[in-house]
Amino acid sequence: MNALPCTIYISFLGALLALGAGMRSAATARVVALLTALTSCTVTFYAASQFVPGPGLQTLIDKPWIPQMGIHYHLAADGISLTLIVLTGLAAVSGILFSWNIEERAGEFFALYLALIGGVYGVFLSADAFTLFVFYEIAIVPKYFLIANWGSTKREYGAMKLVLYSFAGSALVLAGLLWAYAAGGAHSFGLGELAQAAAHFSRHEQLGMFALVFLGFAVLAGLFPFHTWAPTGHVAAPTAASMLLAGVVMKLGAYGCLRVAMATFPVGLAFWSPLIAWLAIIGIVYAGLVALVQQDFKFVIGYSSVSHMGFVLLGLAAANATAVSGAVLQMFSHGVIAGLLFAVVGRMVYERTHTRQLADLRTMPLHRLMPFAAMTFVLAGLASMGMPGFSGFPAELTILIGAWKTSPKWALFAAVGVLIAAAFTLRVMQVSFFGTTEGTKPGSIPAHHLDHPMAPITWAERAGALLLIAAMVYVGLKPDILLNWITPALQSPLFQTALKGGAS
Amino acid sequence: MTPELVKVAAAASDNTWAAIFPELMLACVALLLLVAEIVLPKKFHELIPSIAIAGIVGTFIGLLINFQSAWLGAYTFSGLLHHTMGGQIMRAFFLLAALLVCLLGRVSLAKQAMPRIEFFHLVLIITAAMMLLAQSAHFVMLFVALETVTIGFYILVSYFRTSAASLEAGLKYLVMGALSSGMLLFGIVLLYGIAGNPALKAHTAESMNFGSLAIFLAANPHQFLASIGIVLVLAGVAFKIGAFPFQIWIPDVYQGAPTPVTAFLAVASKAAGFAVLLALAGKDGVFASYGWLVTPVLTVLAAATILFGNVAALTQHNVKRLIGLSGVSHAGFLLLGVIAASSPLAAMATGAVYFYLFAYLFASFAVFGVMTHLAGADDSDQDLDHYTGLAKESPFLAAILAIGLGSLAGIPPLAGFMGKLFVFIAAFQAGARWLLVIAVAGVVISIYYYFGWIKAAFFETWTSPVDSPNTPARPARTPVELAAGIALVALALGSLALGFYPGTFGQLLALR
């Protein structure tokens, strides 16, 4: 357990090393980056194997940082953070494998990538609101440069939009935190201390603080109507960055909502949760419907991410132990699935066909041309639809059961979203991989593809995809491995107060 | 009387020159430079700037050794000067700024066929005047010191006298400076007159003296003429810090002035304005009893300044104008700190302003240092396009630029972020919530242009304009010399260190 903070330091150190290695050759930078990610991933798995689930955060390091302000560098972990750290480790490794073809300024690419990963680890491990905020901002900055420099469609627009949304969100968070800090007597930013102080705040203060902090984090989690950065950002980003954005960075927002906003301001949660739930449901249905009519393959996946993150937010808003544990499970599950989907679209398909238009893809029998990509996409698609046996099923089921307990109406409307998800996933699967090949003889390949035979799927892509598929299936078959971490963590007094609606 | 009081009284009764030893040192070095130019043979003239730098370093070290000066808390020169911890901090601040300006001046002047020595002479004189300004406890002292600074800057701004832009900037600064001095003086005279009116309570013959004036103002809390005087004095100071609507001179003057002078204006001159503001509007300041007037005036100024600076900077392409307007927004954030400092609720506000100033110094000089090295023969023409491909050609300068701009933008964990955080917390404690909303929005807006600049330096490649052969080529990058290189590294490390671990500087916050 105590080795977990090393994941942060290893990532930042690896970023520097990759930057240096990039001056020699792109290949060296790749290897350095992969080794870094593998090392921190190993550390997380080792820590996970040692982990004894229990209520409350287990402190890893706690040092005064700015004593005059009562700010501590306080890292801690519980089952929820551990789940997300394991996800980060997996996503980091697979993202690097799917960026194996980056040749242009590879050193800088992987340096920014690893810095982003380091920031993400930091957020998931922070037990001090200030520390968390600092890591959160550190994670925002590299995204801009990753997208603006290595991205594709309208990258500068997408990058700037994403960063301005993120910073606006973090500005709201900062405002809310400062309010709570000042109202609590300016003693501490520690999450536990803030929650204790918050128990004495007036109802109005709690409502205001919760609204600021939750909304700020929810912008990054893709809450409707603040989700518009997500599809454009995902589409503009290079493959590895889209994988991280959808896979991990959106979870930063949801994690912040859970860890900071909900745990600290239970009265605010009780008041705002119906509104959040309805916004989440609108997001699920709306983004699903938009995904259904997209013509760009990557936009379909981008909107599907928003739709699936809606389930996470719904689970959080339902605010009972079942729904919240489902939400955390869904964070993990969606992180893996979205990573896979973006990898197939951005790396496997786009790098070879150079088109993402569904109309063009329809004319190519991709299931013959790249069976591995088709197989991966079908598996990920099935998981995304919530088929039993994959991680999406237990996650969304748990959320729906939990939401039913709070309000059956929510569960019913959200279930419509599951149907829509099945519809757009099946549509895009059929059109892109099993498209009609009218006008050509059955079994033959259109002439213009014979001129440029497609490059075979590389070992790096196979390894990355298999890693994520393994995680997806394993958690799908045995969700209790994660639930056994998550459920005890929700037994901590902080979460218990929040989940009872601030009654105690 | 207690021993302390005896000491204070004794110090105040006689003219104690030792109390202003650092300022005297600087003035002597400044004169020495002029003498050296006459006496030394031509081939040694290269060394003269080093004398200036050595003089500043010597004074700085001497100041640090005597930081807990025996004069702390005392009034000297018949109450003209008041030696405080804040004054000591500002002295160190101005010396640091002067040192950096001299280092940048060497780089910048090497590109021009200009006399060298006067530049360093003026920098030293201005620095000495600013140090006195930060410690003045009397309006005569304040005005004389302020005018010395301003007149020195008239010459420095138009120093590149063969450049039309520099001359125009000098003229604009002269006209605007005269206007602001006039307003300041009119305000002072009004206060002097009304405080000397025998018909009023607590009237005083010493009404230029901050202490007596404060007593008078406290006894007459809603005096109409005094209110006008206060507003005029604040307006005069607002010119110096470039607060809206007194910021109109900033873009043109910043663009036309030689880059080191722009840096000096942007950092030291602005800081001098804030030192004066803290002395006047702080919670123990002269205008403390007019909080009902000062706080709303400053609040409106701060809100407009933050918004104007950030929005106007969005569309700028000339980096000198860009940093000038971003500097306007920083003045707004600092005003937020001053407003907090005028409230008894925010204990650490004064310290937060000092911290912010140091963070701003480290970040700004890093950026200005890079700008100096990128400027061509025409110093006023520095475009964002000139930064394309910088990371490839000079990774060192690009890294320094990124740290400087990141700190200005307030990216954690750099110093600028901590500075903003402290100021915001202080403002929160003082109850300036709506102003904070504007400030936070301003921070988000500022991301746009700071990131655009960083992106130009790192991720865009220079393509020479093929279709328009008349477009002048991009100026060549100046190689980084050892001294300037060390200074830039120190500035970057300073920004990092203050951000990662405020440590000793964090104790500034404990300052009351």
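Start at the boundary between the two chains: across the interface of chain B and chain A, there are zero salt bridges. Keep in mind as you click around that this is a predicted model.

**Stop 1: the interface**

Colour the two chains differently and show the residues that meet. You should have 34 residues of chain B in contact with 35 residues of chain A. Polar contacts do turn up here, with a count of two residue pairs between chain B and chain A, both at pLDDT 80 or more.

Now switch to a surface view. About 2800 Å² is buried between chain B and chain A, and 80% of that lies on carbon and sulfur atoms. Which residues of chain B lose the most area to chain A? Select F428(B), F451(B) and F459(B): together they account for 22% of what the chain B side buries.

**Stop 2: the helices behind that surface**

Go to cartoon and stay on chain B. Helix 15 (390–393), helix 17 (415–430), helix 18 (433–459), helix 19 (482–500) and helix 20 (503–506) each supply at least two residues of the side that touches chain A. Pick out helix 18 of chain B next, as it gives the most to that side, with ten residues.

**Stop 3: the rings**

Show the Phe, Tyr and Trp side chains. Over all chains, the count comes to 42 aromatic pairs. Try F271(A) and W272(A) for a look at one: the ring centres are 5.0 Å apart and the planes stand at 90°, so this pair is edge-to-face, given that planes over 60 degrees apart count that way. How accessible are the two partners? F271(A) is partly exposed at 40% relative accessibility, and W272(A) is partly exposed too, with 25%.

Then select W65(A), Y73(A), F130(A), F133(A), F135(A), Y181(A), F189(A) and F417(B) together. Ring pairs link these residues into a cluster, with F417(B) coming from chain B.

**Stop 4: charges over rings**

Two arginines in chain A are worth a click. The charged end of R30(A) sits over the ring of W100(A), 5.7 Å from the ring centre. For the other, find R462(A), which lies over the face of F372(A) at 4.9 Å from the centre of that ring.

**Stop 5: a threonine in chain B**

Is T372(B) buried or exposed? Select T372(B) in helix 14 of chain B, which covers residues 349–374, and check the surface: this threonine is buried, with a relative accessible area of 1%. Leaving out residues up to four places away in sequence, T372(B) touches L104(B), V107(B), S108(B), K111(B), T259(B) and T478(B).

Key. Residues are numbered from 1 along each chain as its sequence is written. Chains are lettered from A and ligands numbered from 1 in the order in which they are written. This is a predicted model: local features need pLDDT of at least 70, side-chain atom pairs count only at pLDDT 80 or more; totals for chains, interfaces and linings use all residues. Side-chain values use heavy atoms; hydrogens and water are left out. Rings of Phe, Tyr and Trp (its six-membered ring) pair if their centres lie within 6.5 Å; planes under 30 degrees apart count as stacked, over 60 as edge-to-face and the rest as tilted. Buried means under 20% relative accessible area, exposed over 50%, partly exposed in between (1.4 Å probe, protein chains only). A charge sits over a ring if NZ of Lys or CZ of Arg is within 6 Å of the ring centre and within 35 degrees of the ring normal. Contact means heavy atoms within 4.5 Å. Buried area is the accessible area (1.4 Å probe) that two parts lose on being put together, summed over both. A salt bridge is a side-chain nitrogen of Lys or Arg within 4 Å of a carboxyl oxygen of Asp or Glu. A polar contact is a pair of N or O atoms within 3.5 Å; within protein, one must be able to donate a hydrogen and the other to accept it, and residues adjacent in sequence count only if both atoms are side-chain atoms. Helices (H or I, at least four residues) and strands (E, at least two) are DSSP runs, numbered from the N terminus.
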